[in-house]
Amino acid sequence: VYRDLSLGTSEHVMRFFLFLAFCGLAIGAFQYSARLGNPKVTNPVVLSWSVNSSVLHAQVSWKGKGWVAIGWHPLESTPSGPHGEGMTYADYIVGEFPDGKGVLVTDRFSPKGNPPAYDTTLGGTDDILEYSGGQADGVSMFEFKRLLNTDDSPYDHPITAGRYHLIWARADPSDPKVKNPNMLSYHGKGVDYTHGNQWVDFMTGANSNCTVC
């Protein structure tokens with residue numbers, strides 16, 4: 001059962017008005033923020049987050065219409081090569097926008113570098129505590145909360161001190177093969193534009209783009 005805690009209509013509109021500056025809300029409301037991908041990109045994926053007690057509260061957004069996702073594992077946990085080879089054994093959170101307005105956020109895992117599968121179909125559990133988001137003014141955004149340690153091994157990686165390999169991806173609406181960019185599909189070949197690699201320390205906010213993490 002997915003827990004969509006999207007705001008009521010008036011609050012939802014107000015929230016997106018605050019969000020018009022593109023991530024102004026995220027920078028002001030969260031402890032840390034990371035701009036993902038090539039610095040020259042005008043519509044980057046932005047990850048903002050806070051760690052409170054035992055919970056990760058994060059927001060993922062990009063200036064465009066389409067699904068967006070992040071995944072991670074500790075840098076030392078698996079062999080990791082350039083441009084997404086580290087998808088294997090990554091813990092994913094995927095945001096989709098089925099009706100072009102609301103949001104569906106799912107807890108996923110990629111056992112062999114394949115498209116992330118639902119944790120629940122692999123034998124794990126859905127460990128998203130709550131989520132919200134949507135699309136407005138050309139921006140796709142979702143927020144979620146989950147425990148730092150869900151005890152859902154190997155499908156969820158505990159979040160502790162230290163560097164993590166962060167994998168990010170978004171829809172490529174310009175790809176004619178994509179029928180519905182709001183639902184998870186191939187991210188295209190635009191490395192550092194539609195997908196890429198970053199390292200991040202969730203506890204300190206330190207982060208950097210990396211070709212090979």
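1. Where is the place of threonine 194? Threonine 194 sits in the loop between β10 and β11. Keep in mind from the start that this is a predicted model.

2. Is threonine 194 buried or exposed? With a relative accessible area of 6%, threonine 194 counts as buried, because the cut-off for buried is under 20%.

3. Now look at what the side chain of threonine 194 touches. It reaches the backbone oxygen of histidine 187 at 2.7 Å. The side chain of threonine 194 also has a polar contact, at 3.3 Å, with the side chain of histidine 195.

4. Histidine 187 turns up again in the largest pocket. That pocket has a volume of about 310 Å³. It is lined by 20 residues, and the closest to its centre are Met87, Pro115, Pro116, Ser185 and His187.

5. What sort of residues make up the lining of the largest pocket, by class? There are 13 nonpolar and seven polar residues, and no charged ones. As for where they come from, β4 (68–74), β5 (90–96), β10 (164–170) and β11 (195–200) supply at least two residues each. β10 gives the largest share of the lining, with three residues.

6. Those strands of the pocket lining can be picked out in an open sheet of seven strands, which runs β7-β6-β5-β4-β10-β11-β12 with antiparallel pairing. At its edges stand β7 (117–118) and β12 (207–209); each has a single partner strand, so one side of each has no neighbour in the sheet.

7. For a closer look at this sheet, try β5 and β6. Strand β6 covers residues 104–110, and β5 pairs with β6 in the antiparallel sense over seven bridges. One pair to find on screen is glutamate 96 with its bridge partner in β6, leucine 104.

8. There is also an open sheet of five strands, again with antiparallel pairing, in the order β1-β2-β3-β9-β8. Its edge strands are β1 (32–36) and β8 (128–136), each of which pairs on one side only. From one strand to the next, the twist averages 15 degrees.

9. How many bridges join strand β3 to strand β9? Eight bridges do, linking residues 55–62 of β3 with residues 139–147 of β9, and the two strands run antiparallel. If you want a landmark here, valine 60 stands opposite phenylalanine 142 in β9.

10. A general reminder for reading both sheets: strands of a sheet pair through backbone hydrogen bonds, either parallel or antiparallel.

Key
Residues are numbered from 1 along each chain as its sequence is written. This is a predicted model: local features need pLDDT of at least 70, side-chain atom pairs count only at pLDDT 80 or more; totals for chains, interfaces and linings use all residues. Side-chain values use heavy atoms; hydrogens and water are left out. On a 1 Å grid over the protein atoms alone, a cavity is a set of points where a 1.4 Å probe fits but cannot get out, and a pocket is an open set with protein on both sides within 12 Å along at least five of seven lines; lining residues have an atom within 4 Å of a point. Grid points are joined across faces, edges and corners, and a volume is the space filled by probe spheres set on the points. Helices (H or I, at least four residues) and strands (E, at least two) are DSSP runs, numbered from the N terminus. Ala, Val, Leu, Ile, Met, Phe, Trp, Tyr, Cys and Pro count as nonpolar, Asp, Glu, Lys and Arg as charged, and the others, Gly among them, as polar. Two strands pair if DSSP finds at least two bridges between them. Axes are lines fitted to C-alpha atoms, for helices over the stretch in contact, and angles run from 0 to 180 degrees between N-to-C directions. Buried means under 20% relative accessible area, exposed over 50%, partly exposed in between (1.4 Å probe, protein chains only). A polar contact is a pair of N or O atoms within 3.5 Å; within protein, one must be able to donate a hydrogen and the other to accept it, and residues adjacent in sequence count only if both atoms are side-chain atoms.
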